[in-house]
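Student: Could we go through this one together, step by step? I'd like to see how the pieces fit.

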Amino acid sequence: MKLRLARRIVPLVAAVAALTAIPAASAAQSTAQDTSPGTAQQDSAERPGAHRQFAVGPQYDSTHVYVAPGTEQAFVTSWTSTFGGTTIGPVSTQVTPTPSRTLSELVVSPVGTLSVFDYTTPIPYPFGTERTGWLVTDLDQAVRAARADGATVTVSPFADPIGRDAVVQFPGGISAQLYVHTTPPSYPALASVPENRLYLSPDAVGSFLHSYLAFTQGRIVSDDRRADGAALGLPGTTYRLIRLTSGFGTTTVAVTDGHLPHPYGRELTGYGVSDLGATLDRARTAGATVLSGPVRAGGRDSAMVQFPGGYIAEIHTDR
């Protein structure tokens with residue numbers, strides 16, 4: 001699906017609100033410390049405080065893209081030339097609870113939503129460590145549920161121009177920003193739901209699954225303990241690959257020994273396309289670099305691509 005690039009310059013307050021809201025070798029076989037699918041699902045069902053579903057939809061769950069200073073427009077142009085999409089911004093604004101300044105732009109593309117940050121000041125900690133922004137139905141209840149489900153609140157709720165935000169961290173160091181708007185946003189459905197791509201150790205995966213599945217109300221789709229390491233740049237090896245789904249979209253968890261070649265583990269998100277070769281050609285023409293691949297593993301072709309500004313994405317054939 002190819003949409004023509006369209007830009008909308010909106011009033012400052014509305015743009016700020018939207019941008020604030022939309023906002024990791026051999027990969028060794030995992031050990032007995034890992035949680036099996038049945039155990040993880042049972043743990044999820046027995047979580048403390050069986051709360052309601054907080055997710056709204058995957059088109060409202062954006063990847064937070066922090067680009068090198070001065071490269072925001074180059075990144076957005078390259079991205080939309082590759083995948084299509086529409087944009088809001090850029091605007092210069094503050095999106096953190098303490099003083100800072102960033103050029104921010106919202107990108108709504110057929111393969112996923114991105115919130116792009118090009119900071120003109122130092123980035124206040126811990127911002128920049130969160131992977132995604134998730135729209136939730138009730139921020140205060142979601143924060144309480146995250147705590148009850150084993151996550152920590154690393155940034156307490158704070159106000160933005162038309163809503164509120166918080167950052168939570170799941171076991172294993174996986175952070176997400178939660179947000180609500182006074183006036184709910186409205187974005188089109190996605191042509192392809194992106195993958196939140198996580199890399200965890202055998203020591204961390206059990207507690208992560210317990211917490212993450214409980215909070216997201218998710219389930220395990222598959223758990224392959226001998227996945228083809230070629231997908232991680234390690235042909236001839238195997239690793240554990242877990243696929244999850246929830247109202248927040250799709251998540252893949254690579255359980256490895258941490259012996260990963262660059263750039264694997266540096267990508268945040270995987271994007272599904274109907275024609276990988278044509279997409280990579282458009283990306284190259286738009287100034288992106290193919291770092292690895294294409295490679296065929298696990299029934300699909302994939303490649304690792306770096307866009308202007310430093311953002312690394314996995315792109316794969318959408319099954």
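**Strands and a cavity**

Tutor: Sure! Keep in mind that this is a predicted model. To get going, strand 10 and strand 14 pair in the antiparallel sense, over two bridges.

Student: Which residue in strand 14 is the bridge partner of Asn-196?

Tutor: Look across from Asn-196 to strand 14, which covers residues 269–273. The bridge partner there is Thr-269.

Student: And how many bridges join strand 14 to strand 17?

Tutor: Strand 17 takes in residues 312–317, and it runs parallel to strand 14. One of the pairs to look for is Val-273 with its bridge partner Thr-317. The number of bridges joining the two strands is four.

Student: How many residues of strand 14 are buried?

Tutor: Check each face in turn. On one side Thr-269, Tyr-271 and Val-273 are buried, and on the other Gly-270 and Gly-272 are too. Out of five residues, the buried count is five.

Student: Which strand gives the most to the lining of the largest cavity?

Tutor: That cavity has a volume of about 140 Å³. Strand 6, strand 10 and strand 13 each give two or more residues to its lining. With three residues, the top contributor is strand 13.

Student: Is Thr-252 buried or exposed?

Tutor: Thr-252 lies in strand 13, and its contacts further off in sequence include Asn-196 and Leu-241. The cut-off for buried is under 20% relative accessible area. Thr-252 has 4% relative accessibility, so it counts as buried.

Conventions. Residues are numbered from 1 along each chain as its sequence is written. This is a predicted model: local features need pLDDT of at least 70, side-chain atom pairs count only at pLDDT 80 or more; totals for chains, interfaces and linings use all residues. Side-chain values use heavy atoms; hydrogens and water are left out. Buried means under 20% relative accessible area, exposed over 50%, partly exposed in between (1.4 Å probe, protein chains only). Contact means heavy atoms within 4.5 Å. On a 1 Å grid over the protein atoms alone, a cavity is a set of points where a 1.4 Å probe fits but cannot get out, and a pocket is an open set with protein on both sides within 12 Å along at least five of seven lines; lining residues have an atom within 4 Å of a point. Grid points are joined across faces, edges and corners, and a volume is the space filled by probe spheres set on the points. Two strands pair if DSSP finds at least two bridges between them. Lists of a residue's contacts leave out its neighbours within four places in sequence.
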